[in-house]
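Student: I would like a close look at one part of this model. Please start from a single residue and work outwards.

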Amino acid sequence: MIAASELFRGAAPYYARHAVPYPEDFFRSLVRVCSLSNRSRALDLGAGTGQIGIPLARSVADVLAVDPSDEMVQEGRRMAEVLGVKNIEFRVSISEDLNEPMSSFDVAIIAGAFHYMDRATVLAKLAQMLKLDGCVAILSRKLNRSEPKEWYNAMLSDIKEFWGGSFPTGPVAFGPVHTVSSQEVLRASNFGEITKLRHYYEHHWSIDDLLGFLYSTSLAAPGTLGPRRDEFATRIRRLLLSYSPSGFFVEQGQVTTLLGYRPRVRTD
């Protein structure tokens, strides 16, 4: 298995350009359900290049976006400047090391990076940094349907074969395997009162877009591929064209959000 520090080397510009955007109604729901306003402060952990933090900044007072990759942070700052978003700060740090004043934030969002973290440690830190009525939002994606059928699963199988039968992160495609689910970890934390939201999306891909997306992930980041990049691209193009000679694909899926709150104390 490749060291975690190398998994995303060179991925940042591809992540900024090719990561699947989060549905607009997700942001509306987050603002409504977490009672966010233009006075609220948000914390985005494992922020990447700001796919959550930058859109959310338009609805809150400010966002602190934290990622362990200097490349991701630099690209996030560039994207925020291009988009004219000034109320977001990007910082290089692992989430476990972050120290912010107590009760600083109204919401903390972790999208796609929770399984890379020491989850219990991060949630314990958030219990200090979030206001008493603050919430934690943990996001995950799930593919529901692809068109043509099976191209997505076939692509993952081919990538696994390319790497000799195991992905760079181990036996599953995206991230390490945990025996305890994110929901169970959240329920055992200070944020044990949980609400679940689902938002559906449809995304259209060309082969070039798909390759760009793969270069943004632990499956095929430039630092992971090294000198095998051309070999990888040729192989994936051949496979995808066998499913769609036109070179276009559709992915339909859902974003599931676990919203964790501190249990309400009964006064009666």
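Student: Where is the place of Ser35?

Tutor: This is a predicted model, so keep that in mind throughout. The place of Ser35 is in the loop between H2 and strand E1, which covers residues 41–45. Ser35 comes just after H2. Its phi is positive, about 55 degrees, although Ser35 is not a glycine. Most residues other than glycine have a negative phi. Is Ser35 buried or exposed? Its relative accessibility is 60%, over the 50% cut-off, so Ser35 counts as exposed.

Now step back into the helix before it. H2 spans residues 24–33. Its buried residues are Phe26, Phe27, Ser29, Leu30 and Val31. In an α-helix, residues three or four places apart point the same way, because each turn takes 3.6 residues. What do the buried residues of H2 pack against? One partner is a helix, H3 (53–57). The others are strands: E4 (105–111), E5 (130–147), E6 (193–206) and E7 (248–261).

Follow Phe26 into E7. Phe26 is among the residues in contact with Thr257, leaving aside neighbours of Thr257 within four places in sequence. Thr257 lies in strand E7. With a relative accessibility of 0%, Thr257 is under the 20% cut-off and therefore counts as buried. Its other contacts, on that same basis, are Ala137, Ile138, Leu139, Thr195, Lys196 and Leu197. Compare Met129, which is 128 residues from Thr257 in sequence. Those two are 20 Å apart in space, C-alpha to C-alpha.

Next, the sheet. E4, E5, E6 and E7 belong to an open sheet of 7 strands. Its order is E3-E2-E1-E4-E5-E7-E6, and the pairing is mixed. The edge strands are E3 (88–92) and E6, since each pairs on one side only. From one strand to the next, the twist averages 20 degrees.

Look at E4. All 7 of its 7 residues are buried, so E4 is largely enclosed by the rest of the structure. E1 and E4 run parallel, joined by 4 bridges. One of the pairs there is Asp44 with its bridge partner Ile109 in E4. E4 and E5 also run parallel, with 6 bridges between them. There, Val107 stands opposite Cys135 in E5. Ile110 has Ile138 in E5 as its bridge partner. You have met Ile138 already: it is one of the contacts of Thr257.

Towards the E3 edge, another helix comes in. H4 (residues 70–83) lies across E2 (62–67) and E3. H4 runs at about 165 degrees to E3.

Now the empty space. Rolling a probe the size of a water molecule over the atoms shows where such space is left. The second largest pocket holds about 410 Å³. Of its 23 lining residues, the closest to the centre are Pro21, Tyr22, Gly50, Gln51 and Pro55. Two or more residues each come from H1 (12–18), H2, H3, H4 and E6. H2 gives the most, with 4 residues. By class, this lining has 11 nonpolar, 7 polar and 5 charged residues.

There is a closed space too. The count is 1 cavity of 30 Å³ or more. The largest cavity has a volume of about 50 Å³. Its lining consists of Tyr15, Tyr22, Asp44, Gly46, Ala47, Gly48, Gln51, Ile52 and Ala111. These divide into 5 nonpolar, 3 polar and 1 charged. Tyr22 and Gln51 appear in this cavity lining, and both are among the residues closest to the centre of the second largest pocket. Asp44, the bridge partner of Ile109, lines the cavity as well.

Finally, another loop to set beside that of Ser35. Glu150 is placed between E5 and H6. Glu150 is not a glycine, yet its phi is positive, about 75 degrees. Its relative accessibility of 46% falls between the 20% and 50% cut-offs, so Glu150 counts as partly exposed. Pro148 lies in this loop between E5 and H6 (151–162). A cis peptide bond joins Glu147 to Pro148, with omega about -5 degrees. Most peptide bonds are trans.

Terms used. Residues numbered from 1 in each chain as written. Predicted model: local features only at pLDDT ≥ 70, side-chain atom pairs only at ≥ 80, totals over all residues. Heavy atoms only, no water. Buried < 20%, exposed > 50% of the residue type's maximum accessible area, 1.4 Å probe, protein only. Contact = heavy atoms within 4.5 Å. 1 Å grid on protein atoms, 1.4 Å probe; cavity = no way out; pocket = protein on both sides within 12 Å on 5 of 7 lines; lining within 4 Å. Points joined across faces, edges and corners; volume = space filled by probe spheres on them. Nonpolar A, V, L, I, M, F, W, Y, C, P; charged D, E, K, R; others polar. Pairing = 2+ DSSP bridges. Axes fitted to C-alpha atoms, helices over the stretch in contact; angles between N-to-C directions.
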